[in-house]
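Reader: Could you walk me through how to read a model like this one?
Author: Gladly; let us have it in view before we start.

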Number of protein chains: 2
Amino acid sequence: MVRLLILSKLADEYRCLIEAASLPEIEITATNNVADAKSAGADCEVVFGEPSLIREVLPALKNLRWVQATWAGVEPLLDPTLRRDYLLTNARGVFGGLMSEYVFGYLLAYERRIFERQQAQREHRWDGRVTGVVRGKTIGLLGVGSIGSHLARTAKDFGMTVCGYTRASETCTDVDVYYHGNSLLDFANGLDYLVSVLPNTSETRRIVDASVLAALPPYALFINVGRGSALDESALVHALETKMIAGAVLDVFEQEPLPRNHPFWDMPNLLVTFHTSAPSLPADLAELFIANCRRYLKGDELMYRVDFERGY
Amino acid sequence: MVRLLILSKLADEYRCLIEAASLPEIEITATNNVADAKSAGADCEVVFGEPSLIREVLPALKNLRWVQATWAGVEPLLDPTLRRDYLLTNARGVFGGLMSEYVFGYLLAYERRIFERQQAQREHRWDGRVTGVVRGKTIGLLGVGSIGSHLARTAKDFGMTVCGYTRASETCTDVDVYYHGNSLLDFANGLDYLVSVLPNTSETRRIVDASVLAALPPYALFINVGRGSALDESALVHALETKMIAGAVLDVFEQEPLPRNHPFWDMPNLLVTFHTSAPSLPADLAELFIANCRRYLKGDELMYRVDFERGY
């Protein structure tokens, strides 16, 4: 018998979904409460839930062997002061489609001037001017893992050219041109849209800095759906104020929620959203956990292992 | 030598693009002026341009054999009082991708609550609530020709279910379920989104009426990018006022520009745009004309023939 602790704001929903899969040899404890989890979880060898909550109970999990996170980013568990004597897997493969919805939703809103059209309607003004299109544009992806690959495919479907910047990998066939290492500024040069899907690691910290923003054309749009740490926020404020680039859409920030007095709130050519680009849909994450759990029970290798050192 | 009249607001741009193709045996006259076209066009056997302008010069074109329209909808030339002793071809295959940009731009704006997010930003309010997604939703296409087929493909890419309503054809493999004839209400029932791409014909007139709107679920969104005549506008006003459906996005209207006192301007759950969903991009249309003209010069059958009776 394997004891599973579900520690999540959606504990009840996850319990139903996982029970419906009739996994053999599983005994489930489900809670959204850290104190309950500390006492009930001591015997559990498998934990499924939010990294921010799991972090709080980590020392109490005497029998812990495997944590499946419901998030892609597992920063709360990567703190070097925390134990690392267990297998950590994150959520992958489920966010690509949702990220595509967000990124292309905002790219299309920008090109098709959805906000300006709404304003014209308010003024009862028939505005027959031709809008921009995404077709034929060049998108640059900072990071081409499972999310970046999905964005690349959607971009090809919309008739775009796709550039990808990665450390070394060139596995996505929807990327037309790859860049690596010190060719970051060449990559930025000539993009219509720069989209970061990078995780938070020591190598990605403030990778989108003043020099990258200066290398982008003045008509470029920057979108960040990865982690806020990948952007030098002051450099972006400066780039937008001086019209070095045309605009930005940010879903992630150095500090979240975004502080009340942050300049981002009031910049006219910047849209902020609230770390909501790829909602964690319970059905997706339960399915991912169930698939990985079947492997665990059979002794097979787990999918989506996180390397504590590398950070993803 | 074949004499070509280009009659278009973009006459000069089209002339450059067509001259660059070095078509053999072609002599080009290009103008944006109807009076000039009447005198200069008398000898021309081929005309390329906007149907609304060509209509005005039609009686003066003594040698006319073929008209290639720059539009998909050629209503101005279908008036039964006008001559029909020539080949009429319209623009097809070039609008599908652009229509997809418009339709999915607005669907994503709706599901991802892009307007509400902007309002939250204005209020410096961090709104972390999960938004809707298009994945898993059901889209119904009224009309599955070249534009509808492109919408179907994009919908599949976003993980949606696609229903199609056509007279008889079932040629698009991206449509999951087809409906025909008197199954229109069955088709409407259960759709998340209803999108009309129908042309203006006697059969499509007010096909989206009170009964179709009543058959849609209360959470449904209606988008019209075909022709305004396909919608009973009063029935839509009533359906929106009584919350029979959730919202609508209209790019086309019975009368364009939309009259100043039309109720559509001020309805809160209705977005209007200005017949701008699929801009006619000169490079696309010149390419289409050039390809068809090569066929014409060789005596081959033309692509995109319009049947005057059927209307498309």
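**Reading the fold, the copies and a helix pair**

Author: In chain A, 59% of the contacts with a separation of 6 or more join residues 24 or more positions apart; two residues are in contact if their C-beta atoms, placed from the backbone, lie within 7 Å. This is a predicted model: local features need pLDDT of at least 70, side-chain atom pairs count only at pLDDT 80 or more, and totals for chains, interfaces and linings use all residues. Residues are numbered from 1 along each chain as its sequence is written, while chains are lettered from A and ligands numbered from 1 in the order in which they are written.

Reader: How are chains A and B related, and by what turn?

Author: Two copies of a chain are related by a rotation about an axis and a shift along it. Here, a turn of 180° and a shift of 0.0 Å along the axis lay chain B on chain A with an RMSD of 0.1 Å, superposed by least squares on the C-alpha atoms of residues with pLDDT of at least 70 in both. That is the relation of a two-fold axis. In chain B, G105(B) has the C-alpha nearest the axis, 2.7 Å from it.

Reader: And at what angle do α4(A) and α6(A) cross?

Author: Two packed helices are described by the angle between their axes and the distance between the axes. The axes of α4 (residues 96-111) and α6 (residues 146-157) of chain A come within 8 Å and cross at roughly 55°. The contact includes G96(A) and V103(A) of α4(A), with I147(A) and L151(A) among those of α6(A).

Reader: How many helices and strands has chain A?

Author: Chain A has 10 helices and 12 strands, taken as DSSP runs (helices H or I, at least four residues; strands E, at least two) numbered from the N terminus.

Conventions. Axes fitted to C-alpha atoms, helices over the stretch in contact; angles between N-to-C directions.
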